[in-house]
Amino acid sequence: MQHTTQVLKLLKTGSRLQRVASSSATVQKRICIIGAGPAGFYAAQYILKHLDDSQIDIVDKLPVPFGLVRFGVAPDHPEVKNVINTFTKTAENSRVRFIGNLSLGTDFTVEELRAKYHAVLLTYGAEKDRKLNIPNETLRNVISAREFVAWYNGLPGFENFSPDLSGNTLTILGQGNVAMDVARIVLSSVDELKKTDITEYALEALSRSKIKKVLLVGRRGPLQAAFTIKELREMLKLPNCCTTWRMNDFRNVAEALPELQRPKKRITELMLKSLSEQSTSPSSVGSFLPIFYRSPVKVIGSDRVHSVEYTINNLVDNRAVPTGQKESIETDLVCRSIGYISTNVDKDLNFDDHKGCISNVAGRVLKKSLTGSDQTIDDIEDKFEKGLYTSGWLATGPTGVILSTMNNSFGVADLICKDFHNNVVRVTEAKPGLELAGRQVVSWNGWKAIDKEERRRGADRGKPREKVVRLDEMLRIAEGK
Ligand code: NAP
């Protein structure tokens with residue numbers, strides 16, 4: 001009866017359309033973000049600000065938030081972790097719910113999510129490491145930077161990793177910033193590291209480390225090195241460590257300087273300055289040796305690694321091309337650091353195995369049969385999975401710093417907001433969100449309990465926090481037991 005009167009009233013005022021619009025505006029727009037790392041939190045921050053009536057669930061497979069900020073950023077870079085303060089503000093907004101310990105692909109599927117939310121944003125990052133696919137890559141003492149970083153940063157499951165640090169030389173294959181992080185942590189003094197949130201077991205192992213020499217091997221030349229100037233400066237200033245370059249690697253480099261863009265020019269000038277100042281009889285305890293134009297072709301050893309065989313490369317059109325000449329360099333431990341790759345956690349996703357990320361255009365996930373280069377379909381509904389998006393390393397591949405991830409996620413979040421505003425994502429009916437009854441999930445308050453306990457343990461040791469590493473312990477603390 002009441003309903004009939006309302007309709008009549010509306011018809012009388014001639015505002016039926018207005019009425020439909022305003023009733024749909026009151027339906028809460030439910031959005032699920034999978035992955036509580038930087039990509040997920042930045043997207044949530046943007047959506048909260050730009051989409052009224054939105055309610056966001058941020059789901060992570062771990063009981064703790066912050067993804068790569070907690071488990072990837074080096075412990076001696078605390079300033080990079082300050083973004084956690086912004087993420088915390090987002091998580092504590094009444095329109096946001098953090099749900100930890102729930103895993104896409106294990107606890108629920110993408111299709112289930114799409115049925116329960118108006119929009120789903122996948123930001124679960126890149127957690128596998130790329131392989132070289134060379135003989136003996138699985139030999140003892142060949143590890144990956146991913147494992148090493150996960151170990152010192154306390155990612156659950158890596159606490160017993162225990163790399164063999166009993167030899168003199170570590171060879172890192174790859175010259176990105178992850179490789180630099182590993183080199184710096186291994187060559188840093190334990191007295192400095194113990195003021196950071198590095199895990200206690202890693203600190204203990206590093207205090208017994210015999211590694212004095214770290215080789216950082218790249219397949220191309222100094223002008224193509226992937227590390228950035230801040231990371232290089234840190235290495236050059238590292239106390240008790242001497243950086244030694246190979247003179248031959250710098251042929252034609254000074255000549256190229258005038259043509260370089262500013263950031264490349266500055267880092268190249270720094271390398272050249274360091275090269276010109278290098279001492280022939282280094283007196284330091286540790287040594288850092290960047291080596292260029294070498295592609296690893298074989299790990300040599302029987303039980304454990306003894307050396308790595310490389311082809312010597314020339315640079316042709318910016319690519320490393322083997323000359324046919326070889327060089328073997330002895331080592332006690334090898335760490336592969338040639339980039340990360342995402343995993344496909346759901347068979348229904350359009351996943352590009354070659355690139356190691358979800359097939360998407362500007363964050364919209366492409367329909368299963370389509371690829372990003374498919375230009376023939378214009379219609380959004382035919383081309384993209386409705387209401388399904390991706391951002392961060394899962395969408396772009398594993399490149400860029402946190403700022404790049406922020407820009408990418410803000411862009412995708414903007415697209416999501418526009419798709420709601422333009423009715424590309426329709427909000428005709430209420431959506432329930434994930435059903436949590438009977439599941440052991442961790443809420444934001446649960447995380448706060450873990451955080452408090454970590455800080456307390458850290459204070460006892462004179463460090464910012466001592467991370468809880470075991471999943472069962474995290475869950476126990478989150479439940480207040
Ligand atoms: P990255 O910067 O892409 O570096 C990968 C390195 O591996 C490059 O030197 C690359 O050489 C080499 N490589 C790749 N495939 C190879 C192969 N088959 N054989 C030999 N070498 C190979 O990756 P990342 O170090 O894993 O870092 C990922 C992203 O995180 C980067 O954007 C990085 O800047 C960022 N990050 C930033 C920080 C920081 O800001 N402090 C810390 C860690 C990571 P080519 O160049 O020849 O391909």
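**Entry 1: the ligand**

I began with glycine 400, where a polar backbone atom sits 2.5 Å from an oxygen atom of the ligand. I noted at once that the model in front of me is predicted, and I kept that in mind for every distance I looked up afterwards. Next I asked myself how much of the ligand the protein covers. Of the 910 Å² of accessible area that the ligand has on its own, the protein covers 77%.

I then turned to side chains that reach the ligand. For arginine 219, I found an N or O atom of the side chain 2.8 Å from a ligand oxygen, and for asparagine 177 I wrote down 3.0 Å between a side-chain N or O atom and an oxygen of the ligand. I counted 21 residues around the ligand, and the closest of them are Gln175, Arg219, Arg220, Glu231 and Gly400. When I sorted the residues of this shell by kind, I had 8 nonpolar, 9 polar and 4 charged ones.

Which helix gives the most to the shell around the ligand? I found that helix H8, which runs over residues 177–187, does so with 3 residues. I also wanted to know where the ligand lies with respect to the domains. Domain 1 (17–127 + 341–441) and domain 2 (131–338) both supply residues to the shell, so the ligand lies between them.

**Entry 2: the cysteines**

How many disulfides does the structure hold? I found 0 disulfides, and I looked at two cysteines more carefully to see what surrounds them. For cysteine 32, the closest cysteine sulfur belongs to cysteine 417 and is 16 Å away, which is too far for a bond. Cysteine 32 is also buried, since its relative accessible area is 0% and the cut-off for buried is under 20%.

Cysteine 242 is in no disulfide either, and I noted that the nearest cysteine sulfur, in cysteine 241, is 7.0 Å away. A pair of sulfur atoms must lie within 2.5 Å to be counted as a disulfide. Cysteine 242 has a relative accessibility of 12% and therefore counts as buried.

**Entry 3: two buried residues with polar contacts**

I looked up threonine 171, which lies in strand E7 (residues 169–173). Is threonine 171 buried or exposed? Its relative accessibility is 0%, so I put threonine 171 down as buried. The side chain of threonine 171 has a polar contact with the side chain of threonine 331, at 2.8 Å.

Asparagine 153 came next, and I located this residue in helix H7, which covers residues 145–153. Asparagine 153 counts as buried because its relative accessibility is 0%. A polar atom of the asparagine 153 side chain lies 3.1 Å from the backbone oxygen of valine 73.

**Entry 4: distances along the chain and in space**

For three buried residues I compared a separation in sequence with a distance between C-alpha atoms. Leucine 165 is in the loop between H7 and E7, and with 7% relative accessibility leucine 165 counts as buried. From leucine 165 to alanine 126 there are 39 residues in sequence and 27 Å in space, C-alpha to C-alpha.

I found proline 75 in the loop between helix H4 (67–71) and helix H5 (83–91), and its relative accessible area of 2% makes proline 75 buried. Proline 75 and glycine 433 are 358 residues apart along the chain, and their C-alpha atoms are separated by 36 Å.

Tryptophan 447 belongs to helix H17 (residues 444–461), and I recorded tryptophan 447 as buried because its relative accessibility is 4%. Serine 391 is 56 residues from tryptophan 447 along the chain, with 24 Å between the two C-alpha atoms.

**Entry 5: two positive phi angles**

Before looking at the backbone angles, I reminded myself that most residues other than glycine have a negative phi. Aspartate 53 has a phi near 60 degrees, which is positive although the residue is not glycine. I placed aspartate 53 in the loop between helix H3 (38–50) and strand E2 (54–60), and with a relative accessible area of 36% aspartate 53 is partly exposed.

Asparagine 101 also has a positive phi, near 70 degrees, and is likewise a residue other than glycine. I found asparagine 101 in the loop between strand E3 (96–100) and helix H6 (110–116).

Key:
Residues are numbered from 1 along each chain as its sequence is written. This is a predicted model: local features need pLDDT of at least 70, side-chain atom pairs count only at pLDDT 80 or more; totals for chains, interfaces and linings use all residues. Side-chain values use heavy atoms; hydrogens and water are left out. A residue is near a molecule or strand if one of its heavy atoms lies within 4 Å of it. A polar contact is a pair of N or O atoms within 3.5 Å; within protein, one must be able to donate a hydrogen and the other to accept it, and residues adjacent in sequence count only if both atoms are side-chain atoms. Accessible areas come from the Shrake-Rupley method with a 1.4 Å probe; for residues, only the protein chains shown count as cover. Helices (H or I, at least four residues) and strands (E, at least two) are DSSP runs, numbered from the N terminus. Ala, Val, Leu, Ile, Met, Phe, Trp, Tyr, Cys and Pro count as nonpolar, Asp, Glu, Lys and Arg as charged, and the others, Gly among them, as polar. Domain bounds come from an automatic or database domain assignment. Buried means under 20% relative accessible area, exposed over 50%, partly exposed in between (1.4 Å probe, protein chains only).
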